[in-house]
Amino acid sequence: MALTHDAQCLAISCLDGTIRLMEAETGELLNTYSKHHVAGNYALSCNFTADDAHVVTGSEDGRVILYDLVRGEMVQELLGHLKPTCSVASHPLRQQSSIVISASYDGNAVVWANDSSYIQYT
């Protein structure tokens with residue numbers, strides 16, 4: 001479960017493989033994300049980018065998926081793990097919102113960034 005930085009919405013990774021976006025105060029379902037990541041056998045975390053524009057989730061096939069928060073469409077797929085990607089985190093600063101960290105059952109953690117000054121560590 002993750003809370004947007006403005007504390008208005010929650011993303012909840014459910015055991016049925018769906019990520020549900022809910023309004024934090026009322027619990028109203030705002031969106032669902034499920035078409036592009038594989039889930040159902042492992043607990044997978046989800047998170048928001050620092051600008052709250054994207055929902056980030058791991059996938060049981062080793063990918064990291066970024067969904068557009070509003071449209072619910074996949075905007076990016078990150079490939080780098082060999083086993084389920086169970087944990088994801090985003091850089092907390094808005095100006096660094098393109099930085100995502102993932103961890104997998106393959107024993108590796110990867111730092112993903114659109115900035116060439118960052119190095120991919122495993």
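**An all-strand chain: group meeting talk**

Let's start with one residue: Asp52 counts as buried, at 12% relative accessibility. Buried here means under 20% relative accessible area, exposed means over 50%, and partly exposed lies in between, with a 1.4 Å probe and protein chains only.

Before going on, the ground rules. This is a predicted model, where local features need pLDDT of at least 70, side-chain atom pairs count only at pLDDT 80 or more, and totals for chains, interfaces and linings use all residues. Residues are numbered from 1 along each chain as its sequence is written, and side-chain values use heavy atoms, with hydrogens and water left out.

Back to Asp52. Its phi is near 60 degrees, a positive value in a residue other than glycine. Where is Asp52 placed? Asp52 sits in the loop between β5 (46-48) and β6 (54-58).

Now a second residue with positive phi. Ala7 is not a glycine either, and its phi is about 65 degrees. Ala7 belongs to the loop between β1 (2-3) and β2 (9-13). Is Ala7 buried or partly exposed? Ala7 is partly exposed, at a relative accessible area of 41%.

Next, the strands around Asp52. β5 and β6 pair in the antiparallel sense, over 3 bridges. Two strands pair if DSSP finds at least two bridges between them. One bridge partner to look at: Phe48 is matched with Val55 in β6.

That pair is part of a sheet. The sheet is open, has 4 strands, and runs in the order β5-β6-β7-β8 with antiparallel pairing. Which strands stand at the edges? β5 and β8 (74-78) do; each has a single partner strand, so one side of each is left without a neighbour in the sheet. On average, neighbouring strands of this sheet are turned by 20 degrees against each other, direction ignored. For that angle, axes are lines fitted to C-alpha atoms, and angles run from 0 to 180 degrees between N-to-C directions.

Zoom out to the chain. It has 11 strands and 0 helices. Both are DSSP runs, numbered from the N terminus: helices are H or I with at least four residues, strands are E with at least two.

Of the 122 residues in the protein chain, 38% are buried. The chain exposes about 6700 Å², and carbon and sulfur atoms supply 51% of that. Those areas come from the Shrake-Rupley method with a 1.4 Å probe.

Last, contacts, meaning heavy atoms within 4.5 Å. Among contacts with a separation of 6 or more, 33% join residues 24 or more positions apart.
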